[in-house]
Amino acid sequence: MSAHAPRSIDEYLRQLRAALEGQDPALIQDALYDAEEYLRAELAAHPGKSEADVLELISSTYGAPDEVAAAYRDTEAKVKAALKTPVPAASVSASGWKRFFGVYLDPRAYTSLFYMLLTLATGILYFTIVVTGLSLSAGFAILIIGIPFFLAFIGITRVIALGEGRLIEAVTGERMPRRPMHPGPPAGWLSRIGEMLKDVRTWTTLLYLLVMLPLGIVYFTVTVTALSVGLAFTALPLVVLARWLGWASDVTVFSDDVHLGHWVLSDHSMISALILGALGVLIVTLLLHAARAVGRGHAHLAKALLVVPGA
Amino acid sequence: MDDSQARKFQKDLNAGLVALVLLAVLDGSSEDLYGYEIAKRLQRANEGEALFKEGTIYPVLRTLAAGGFLTSRVVPSYSGPARRYYRITDEGRALLTQWSGIWRQTRGFVDRFIEGTSP
């Protein structure tokens, strides 16, 4: 490191950020948060000294930016290796059938499916919070409570962004921040607001929370439709079998026969039931593949909007 | 003797020991502690040059918390960012007991040779 010793907290954080360049943005956010917590506490513990004097001691106590960066890189690599969910062998090596049905063994497929069902609820919640918060902020802007209200609103969106990130990491394994965004040095209301308005991430976070509603509707609809149709079809051969055995004579799966060209699918014929059952399995399997892909894609979207602009 | 070799040896030793020390500090404390406070306790306990940089304890605290060995809560602070307070969990105590045993065994083993060679 050719960089000279930092003389202010901002400079220290800039150097730390530079030393962590190329690392996961979520890790950078955590490291900067920890460093700022320490540096500000150290500064507060030495009220008589100037910021530059305190920073001079930092490299021998807290560590120079590149030393601290190395500690985070090492720890992260170890933790990642230890906590990584083992990828089922079938999804890596095998091809064809094994690979197609291997998705049933992948925990990520189920957690992503669960996430897709959940997004309708979270989407409605986020959308309502953002629309209410923005319109009330606009309405209150002429009053004295306008400024604190807006600050509280942005604070809430940051907490939501952190929670959403934790959820996405649990569901998809994509590394997301474990600390909130740093509020920066203590400052007056007006400069705080100025900082927030200038921060791209404030706006991309709001965008993400708004977009979650339409996305949630799509995710939820696709999941529920494919799941109910797929599972119903899959169960059809069992229904026909049960009816033969006289156990479920009053169960009707479709009230009318289905005509597909010159094919007639009836819920009384075993051949129809087996064809539809195979179709059901296909639908459920495709849904699991789709869920896994959506989980990955959504994690990238979340990272692009909730984490990267600030890192 | 080259100083960088001494530093490298110390760093290798610290790789596992920092986590052990942090567990012990939190186990011995009656109240929850935050990162800066823990760092200062370690600094006070140490005479002479610091054995490790305080910046290196934060990622270890985070790792231990992620493993369920510590719990943490965030408390707003007037002097700067909100502080994250840590407390040891039952799993953390079990880990501490196990690791302390390993440490005593290792120390005894190493000492047996080192004491033999020193004048």
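**Sheet, helix packing and chain contact in a predicted two-chain model**

In chain B of this predicted model, three strands form an open sheet in the order β1-β3-β2, with antiparallel pairing; strands, like helices, are DSSP runs numbered from the N terminus (E over at least two residues for strands, H or I over at least four for helices), and two strands are taken to pair if DSSP finds at least two bridges between them. The edges of the sheet are β1 (33-34) and β2 (70-75) of chain B, each of which pairs on one side only. In general, the strands of a sheet pair through backbone hydrogen bonds, in either a parallel or an antiparallel manner.

Residues are numbered from 1 along each chain as its sequence is written, while chains are lettered from A and ligands numbered from 1 in the order in which they are written. Because the model is predicted, local features need a pLDDT of at least 70 and side-chain atom pairs count only at pLDDT 80 or more, whereas totals for chains, interfaces and linings use all residues.

Between β2(B) and β3 (residues 83-88) of chain B, the antiparallel pairing extends over six bridges, with B:L70 opposite B:I88 and B:V75 opposite B:R83. The pairing of β1(B) with β3(B), also antiparallel, consists of two bridges, and here B:Y34 stands opposite B:Y85. Helix α3 (residues 57-66) of chain B lies across β2 and β3 of chain B and runs at about 115° to β2(B); axes are lines fitted to C-alpha atoms, for helices over the stretch in contact, and angles run from 0 to 180 degrees between N-to-C directions. Chain B has an average pLDDT of 82, with 88% of the residues scoring at least 70, where pLDDT is the predictor's confidence in each residue on a scale from 0 to 100.

In chain A, helix α1 (residues 9-19) packs with α2(A) at an angle of about 155°, their axes being 10 Å apart. The two helices α1(A) and α2(A) are therefore roughly antiparallel (angles over 145 degrees count as such, those under 35 as roughly parallel, 65 to 115 as roughly perpendicular and the rest as oblique). Their crossing is right-handed, a crossing being right-handed if the near helix is turned clockwise from the far one by less than a right angle, and left-handed if anticlockwise. In this contact, A:I9, A:Y12, A:L13, A:L16 and A:R17 of α1(A) meet residues of α2(A) including A:I28, A:L32 and A:L39, contact requiring C-beta atoms, placed from the backbone, to lie within 7 Å.

A second helix pair in chain A is formed by α8 (residues 146-172) and α10 (residues 200-244), whose axes come within 10 Å and cross at roughly 65°, so that α8(A) and α10(A) are roughly perpendicular to each other. The crossing of α8(A) with α10(A) is left-handed. Among the residues that meet are A:I154, A:R158 and A:A161 in α8(A) and A:T202, A:L206 and A:L209 in α10(A).

Between the chains, 23 residues of chain A are in contact with 19 residues of chain B. On the side of chain A that touches chain B, α2 (25-45), α3 (51-63) and α4 (65-83) of chain A each supply at least two residues, and α2(A) gives the most, with ten. For the complex, the predictor gives an ipTM of 0.71 and a pTM of 0.58.

Terms used
Two residues are in contact if their C-beta atoms, placed from the backbone, lie within 7 Å.
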